[in-house]
Amino acid sequence: MKQKVEADKLRKGMFVCDLDRPWLESPFLFQGFLLKSHKEIEEIKKLCEYVYIDCERGDDKDGNRLKIVYDESKQEKKEEKPKQRRPNIHKEVKKPKTVVQRSYTASFEDEINPATKLREIAHSYVEKLYSDIRTGKSIKAKTARTIVTGMVDSILRNPDALVLLNSLRDHDDYSISHSINVCTLTLSFARYLGFSHAEMTELGIGALLHDVGELRVPIEVMRKPGFLSKNETQLMQSHTVHGGDILRASEGIPPTAIDIAESHHERSKGQGYPAGLKEAEIAHYARIVGIVDVYDSVTHNQVESNSISSTEALKNMYNWRNEMFDSHLVEQFIQCLGIYPIGSIVELDSGEVGIVISIALERRLQPKLMLVRDEQKKPYMPPRIINLAEYAEGDDAARYEINRVLEPGDYGIDLKSYLLRELSVGMPH
Ligand SMILES: [Fe+2]
Ligand SMILES: [Fe+2]
C-alpha cells in the first residue's frame, strides 16, 4: 500500500518507493529504498516536496508497520515474468515492468578466486585469438563458448567478483582488457535483465568478440589519441565491417555475435556507423553491447588520464539516452550498476576512502568497501574490509556514510595495485 508523504514528514524506517520527480533526476538511481539515516532524509528534502512510501516494506505515515500477508498466487506470477520478457533479436522488445532480482548463490569472498582464474583464461584466449586473426587463422568458436559459459556461471553465482576485476585493466593490452570488460559487464547487465543462461552465453560471445575487426585496422590509427583525420576516421570505423566479415568466415559463431560486431556503433537517431541505422533497425543485442562499450570506453579510457568516474559516465549517458541509445535500456543499465558501481572509489563522511567491492541490491547506499585510506588519507596497511550496512543504524552511522565519489587517481589511489596485492594473498574477510 502506497502513501503520499511530505518530505519534511519523513522518518527513518519508511520505505520510499517513488519521488515527485523521475528517479534518474535524483541521486537515488534505483527503485526504492529504506530510509536509514537523517542524511538520506535531508537529501530527499533538498530535492522533493513529497514522496510516496510503501507501507508493506517500511513504516507508514504514523510510524506503524503493516503486517504483510504472504500471497502464494502473487509469488507464482512473479516467477513466471522472466519468460515473457526474454529479448528476441530483430524484434522490438517491449519494456519490462520489473527487473528480476536474482539472489546470489556465492559470497564475494568465495567467488573472487574462481573469477580471477576465469579472467586469466579469458585473457590468454583473446591474446591467442588476436594473434591467430592477425596471421589469417579462423576463430575457435568452441573455445569462446566454453570460456563465456564459465563467465556466465560466475556472474550468475555473484556478479560483483568478475565485475570488480574489470578495474585490473592492463593498459599495454588495452584491446584485450576492453573485450573482456565489455563481456563481463554485458553479462552482469543481462543477469539483471533476467536473460536465461543460453541467452547470456550468446550475448557474451558477441560482447567478447565485438571489436575483432580492429585487428584489420592499422594499429597506429586504433591507438592514436585525440583527433583523427577523415581518412583515419574511415579506417577506424571500418572495424565494424571487418568484424562482421571475420566472424561470418568462422565456424560456429552465433549470428547474434555478427550483429553485435557490425552494429555496436550504430546510434538511435541514425548518427552511428557503419550503416546509420535507426534505433528500431539495430539488433537488440547490439544496442545492449553498444551501451556497455561506451561506458567501458569512457571509464577505462585508452589514455588513462582521460578516464572519468562511473558516476560521471552514467550522468553523461543518461543525458545522451534519447539521442544515442535505447533510452529504456540506458535507464536499466544505470539501475543495474547503481549509484556506487563496483570498483568506484568513494570518500566517507569520516574522511576515509574505500573501493566499492560488493553491493546488495536492497542496500545500495551501503556497499561493502575495501578501505584504503584513513581519516588523514594515510594508507591503511593492510586495507580494511567494511560493510557499511552493518554501521547503518549504530552510533557510528554518520561517520560511515558515503560523502562523494572520487575521480580515478584521486589521492594517488592505484586501484589496480590494491586489487592485485590483495588478490594475490586472498581477499581479507
Ligand atoms: Fe567498436
Ligand atoms: Fe569496443
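A residue counts as buried when its relative accessible area is under 20%, as exposed when that area is over 50%, and as partly exposed in between. The model shown in these views is predicted.

**Figure 1. Overview of the protein, with its 16 helices and nine strands.** The protein has 429 residues, and 54% of them count as buried. Among contacts with a separation of 6 or more, 66% are made by residues 24 or more positions apart. The close-up views below take up two sheets, one helix, a cavity and several backbone features.

**Figure 2. Helix α11, residues 255–263, is largely enclosed by the rest of the structure.** This follows because seven of the nine residues of helix α11 are buried. The buried residues of α11 are Thr 256, Ala 257, Ile 258, Asp 259, Ile 260, Ala 261 and Ser 263. Which helices do the buried residues of α11 pack against? They pack against α7 (197–208), α10 (239–248) and α12. Helix α12 spans residues 284–299 and appears again in the next view.

**Figure 3. The largest cavity, with a volume of about 70 Å³.** The protein has three cavities of 30 Å³ or more. Rolling a probe the size of a water molecule over the atoms shows where empty space is left. The lining of the largest cavity consists of 14 residues. Nearest the centre of the largest cavity lie Glu 266, Ile 282, Arg 287, Met 324 and Phe 325. Which helix gives the largest share of the lining of the largest cavity? Helix α12 does, with four residues. Sorted by class, the lining of the largest cavity has five nonpolar, five charged and four polar residues.

**Figure 4. The open sheet of four strands, in the order β1-β4-β2-β3.** Pairing in the four-stranded sheet is antiparallel. Its edge strands are β1 (2–6) and β3, each of which pairs on one side only. Strand β2, residues 15–19, is mostly covered, with four of its five residues buried.

**Figure 5. Strand β2 and its two partners, β3 and β4.** How many bridges join β2 to strand β3? There are two, and β3 (residues 33–34) runs antiparallel to β2. On the β4 side, β2 is joined to residues 50–54 by three bridges, also in the antiparallel sense. Val 16 has a bridge partner in each neighbour: Phe 33 in β3 and Ile 53 in β4. Leu 19 stands opposite Val 51 in β4.

**Figure 6. The open sheet of five strands, in the order β8-β7-β6-β5-β9.** The pairing of the five-stranded sheet is antiparallel. At its edges are β8 (379–387) and β9 (402–405), which each pair on one side only. From one strand to the next, the twist averages 35°. Within this sheet, strand β6 (residues 353–358) pairs with strand β7 (residues 368–373) over five bridges in the antiparallel sense. Which residue in β7 is the bridge partner of Val 356? The partner is Leu 369.

**Figure 7. Two cis peptide bonds, one leading to Pro 274 and one to Pro 382.** The bond from Tyr 273 to Pro 274 is cis, with omega near 5°. Pro 274 is in the loop between α11 and α12. The bond joining Met 381 and Pro 382 is also cis, with omega about -5°. Where is Pro 382 found? Pro 382 is in strand β8, an edge strand of the five-stranded sheet.

**Figure 8. Two residues other than glycine with positive phi, Lys 377 and Tyr 411.** Phi of Lys 377 is near 70°. Lys 377 sits in the loop between β7 and β8. Because its relative accessible area is 22%, Lys 377 is partly exposed. Phi of Tyr 411 is near 55°. Tyr 411 sits in the loop between β9 and α16, the helix of residues 415–424. The relative accessibility of Tyr 411 is 38%, so Tyr 411 too counts as partly exposed.

Methods: Residues are numbered from 1 along each chain as its sequence is written. Chains are lettered from A and ligands numbered from 1 in the order in which they are written. This is a predicted model: local features need pLDDT of at least 70, side-chain atom pairs count only at pLDDT 80 or more; totals for chains, interfaces and linings use all residues. Side-chain values use heavy atoms; hydrogens and water are left out. Two strands pair if DSSP finds at least two bridges between them. Axes are lines fitted to C-alpha atoms, for helices over the stretch in contact, and angles run from 0 to 180 degrees between N-to-C directions. On a 1 Å grid over the protein atoms alone, a cavity is a set of points where a 1.4 Å probe fits but cannot get out, and a pocket is an open set with protein on both sides within 12 Å along at least five of seven lines; lining residues have an atom within 4 Å of a point. Grid points are joined across faces, edges and corners, and a volume is the space filled by probe spheres set on the points. Ala, Val, Leu, Ile, Met, Phe, Trp, Tyr, Cys and Pro count as nonpolar, Asp, Glu, Lys and Arg as charged, and the others, Gly among them, as polar. Buried means under 20% relative accessible area, exposed over 50%, partly exposed in between (1.4 Å probe, protein chains only). Contact means heavy atoms within 4.5 Å.
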